[in-house]
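Thank you all for coming. I would like to take a few minutes to walk through one model with you, going from its sheets to its ligand.

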Amino acid sequence: MGDILIQCSGVCKSFHPGKAEVSVLRGVDVSMERTEWVAVRGASGSGKTTLLNIIGTLETPDEGTVLFDGVDYASMSRGDKAVFRNSKLGFVFQAYHMLPELSVLENVRLPAMMAGVSSRNATWSALELLECVGLKERSSHMPAELSGGERQRAAIARALVNSPDLLLADEPTGNLDSEAGANILEIFSKLRYGNKTKSIVMITHDEGVAEKADRTIHLKDGKIDDVV
Ligand SMILES: Nc1ncnc2c1ncn2[C@@H]1O[C@H](COP(=O)(O)OP(=O)(O)OP(=O)(O)O)[C@@H](O)[C@H]1O
Ligand SMILES: [Mg+2]
């Protein structure tokens, strides 16, 4: 038995658009070790993003518990969760979400500045990560001047600037061509083995992408269907 980072037990989540209740997660039990890379697959609408958002404290389950390093999310206040998200988690989304009015460097160092790191140290960490993802020369550029793949690389640097324990990625290669997508996956491998982040949960529709992970979980009918 390894060192467990995330433990989801009996996680249920429904949404209530109008009168028809949509039951999305119906008792998800899954745990993840501290250094694991887990891919999440499943049909569109199967609840992958909902599960990722619950693990990321962006949504609250209706039933069940999520423990992070043994700490129950239910015991955290809203303020605790905001601090927890910024310090322990990194998020990468399909649509990059760079702030358009800030330069690449300013985007990447923002979470560190929010955590109270000095401007000098935040800049240093951001530049180190931009170098890691091959974008150091583009640090003074604006996001609009970057390609999709470059923006996603910058978003990964931003997600890692506070050295999170867990990186949560929702279809990070979904908007990219296969070459740019392969480049992103190489960066994930490199960062992980370079100890920039320890664990990764990555949603993907792509079997080739999932193969890079240590383990793939499949969501079906609101439950974990298959663990490879
Ligand atoms: N805030 C919400 N309000 C109402 N319904 C929601 C909400 N968020 C998600 N849903 C519904 O829950 C179901 C699961 O959504 P989710 O986004 O988790 O699926 P997914 O597996 O990530 O799908 P995709 O592969 O298309 O991204 C969908 O039917 C969706 O319409
Ligand atoms: Mg989704």
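What follows is a short tour of two sheets, the helices that lie across them, and the residues around the ligand.

Please keep in mind throughout that this is a predicted model.

Let me begin with the sheet of four strands, which is open, has the order S2-S1-S4-S5, and is paired in the antiparallel sense. At its edges are strand S2, residues 22–33, and strand S5, residues 71–72, each of which pairs on one side only. If you look at the S5 end, you will find that S4, covering residues 63–68, and S5 pair antiparallel over two bridges, and that Phe 68 has Val 71 in S5 as its bridge partner.

The other sheet is also open, but here there are six strands, in the order S6-S7-S8-S3-S9-S10, and the pairing is mixed. Its edge strands, each pairing on one side only, are S6, residues 89–92, and S10, residues 223–227, and from one strand to the next the twist averages 20 degrees. Within this sheet, S3, residues 37–41, and S9, residues 215–220, run parallel and are joined over four bridges, with Arg 41 standing opposite His 218 in S9.

Which strands, then, does helix H1 lie across? On the side of the four-stranded sheet, H1, which spans residues 48–55, lies across S1, S2 and S4, and runs at about 125 degrees to S1. In the six-stranded sheet, H1 lies across S3, S6, S7, S8 and S9, running at about 155 degrees to S7. A further helix, H5, residues 148–160, lies across S6 and S7, at about 165 degrees to S6.

Helix H1 also brings us to ligand 1, since it is H1 that gives the most to the surrounding shell, with three residues. The residues around ligand 1 include the run Ala 43, Ser 44, Gly 45, Ser 46, Gly 47, Lys 48, Thr 49 and Thr 50, and among the others are Phe 15, Val 24, Glu 171 and His 205. By character, this shell divides into three nonpolar, seven polar and two charged residues.

Where do we see individual polar atoms facing oxygen atoms of ligand 1? A backbone N or O atom of Ser 46 lies 3.2 Å from a ligand oxygen, and for Gly 47 a backbone N or O atom lies 3.0 Å from an oxygen of ligand 1. From Thr 49, by contrast, the atom in question is a polar side-chain atom, placed 2.8 Å from a ligand oxygen. Taken as a whole, the protein covers 61% of the 640 Å² of accessible area that ligand 1 has on its own.

Terms used. Residues numbered from 1 in each chain as written. Chains lettered and ligands numbered in written order. Predicted model: local features only at pLDDT ≥ 70, side-chain atom pairs only at ≥ 80, totals over all residues. Heavy atoms only, no water. Pairing = 2+ DSSP bridges. Contact = heavy atoms within 4.5 Å. Axes fitted to C-alpha atoms, helices over the stretch in contact; angles between N-to-C directions. Near = heavy atom within 4 Å. Polar contact = N/O pair within 3.5 Å; in protein donor to acceptor, adjacent residues only side chain to side chain. Areas by Shrake-Rupley, 256 points an atom, 1.4 Å probe, with all protein chains shown as cover. Nonpolar A, V, L, I, M, F, W, Y, C, P; charged D, E, K, R; others polar.
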